[in-house]
Amino acid sequence: MKAASGTLRWAFALWLAEVHWVQSLTLQISALGQWREGNVTCRADQAEKANYWALGKGSSTVADGCPKARAAKNFSHYTQTWPGAFSALYGEPAYEDPAVRTADGVFVWDAEYCLLSGFLDLPNKAELLQSYAGIVEKTEQDCQRASIKKAMSNNSIEELRATFGEVDAAFEKQHLLAAPARQAPLQAPGVLAKIQASHCLSGSYACMLHFCLYQYCKLGDGRIGMGCQCHSDWDLLPIPAE
């Protein structure tokens, strides 16, 4: 019981750290967002939705979107709120490193995470998107991987949390280089496993899995696409009535 209790406290502390970090990130870069109509979005009205979910009252879903999704057994409460809106607002010009090539307007950090996690190559993506139980089952299986368990046992909360900032800094550095000179931040030894361990411990792995399947895809030429580049019915949840 003591070990289980300690694990729960660790997971809760890690979840709080993730929430505070993302909220801080949103505040830091909110003024930089650009809306590229007709690129990763499908309709002009999605701009209002994106601003509501990423920067307006709906931005509370950065903290409660995943718990609400699990409670409702509907991952759209996460996927089609803050993360979907945030990545649409802060998409980047086409990017390439040894791990990923993205189309214009794609949010590179998540694209590389989704690709290297193997989510975009799953044979049953459409089925999983419609199956809450299927997402949960795969999450339980993935979080038992040896690489993830090793990252959990060999790193403190602070070390796992610091990995996100290290990846941020690495991507910033790589963006300054020409594509042939770049390295892939999430291919560095142990880095992806630490990110995945953080998601497993905080209970957000399932939400991220669903988000990756809905938000990102492999295009015909091998690049990673996002949003409406992947499916014409891409959307965010409606803005709730006041």
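**Salt bridges in the predicted model**

Asp-64 has a relative accessibility of 23% and thus counts as partly exposed. The model discussed here is a predicted one, and Asp-64 offers a convenient way into its charged pairs. The side chain of Asp-64 meets that of Lys-68 in a salt bridge, with 3.7 Å from N to O. Both residues belong to helix H3 (residues 61-72), where a spacing of 4 residues puts about one helical turn between them. Lys-68, at a relative accessible area of 49%, is likewise partly exposed; the cut-off for exposed is over 50%.

A pair with a similar layout occurs in helix H8 (residues 132-142), in which Asp-142 and Lys-138 are also 4 residues apart, or about one helical turn. Here the N to O distance of the salt bridge is 3.1 Å. Asp-142 and Lys-138 are both buried.

Beyond these helical pairs, salt bridges with shared partners link Arg-43, Asp-45, Lys-49 and Asp-235 into one network. Within this network, Asp-235 and Arg-43 form a salt bridge whose closest N and O atoms are 3.0 Å apart. Asp-235 sits in the segment after strand S2 (224-226), while Arg-43 is found in the loop between helix H1 (2-29) and helix H2 (46-55), so this pair ties together parts 192 residues apart in sequence. The two partners fall into separate accessibility classes: Asp-235 is buried at 15% relative accessibility, whereas Arg-43 is partly exposed at 37%.

Taken over the model, the count comes to 9 salt bridges, among them the pairs Asp-64 with Lys-68, Asp-142 with Lys-138, and Asp-235 with Arg-43.

Definitions and conventions
Residues are numbered from 1 along each chain as its sequence is written. This is a predicted model: local features need pLDDT of at least 70, side-chain atom pairs count only at pLDDT 80 or more; totals for chains, interfaces and linings use all residues. Side-chain values use heavy atoms; hydrogens and water are left out. A salt bridge is a side-chain nitrogen of Lys or Arg within 4 Å of a carboxyl oxygen of Asp or Glu. Helices (H or I, at least four residues) and strands (E, at least two) are DSSP runs, numbered from the N terminus. Buried means under 20% relative accessible area, exposed over 50%, partly exposed in between (1.4 Å probe, protein chains only).
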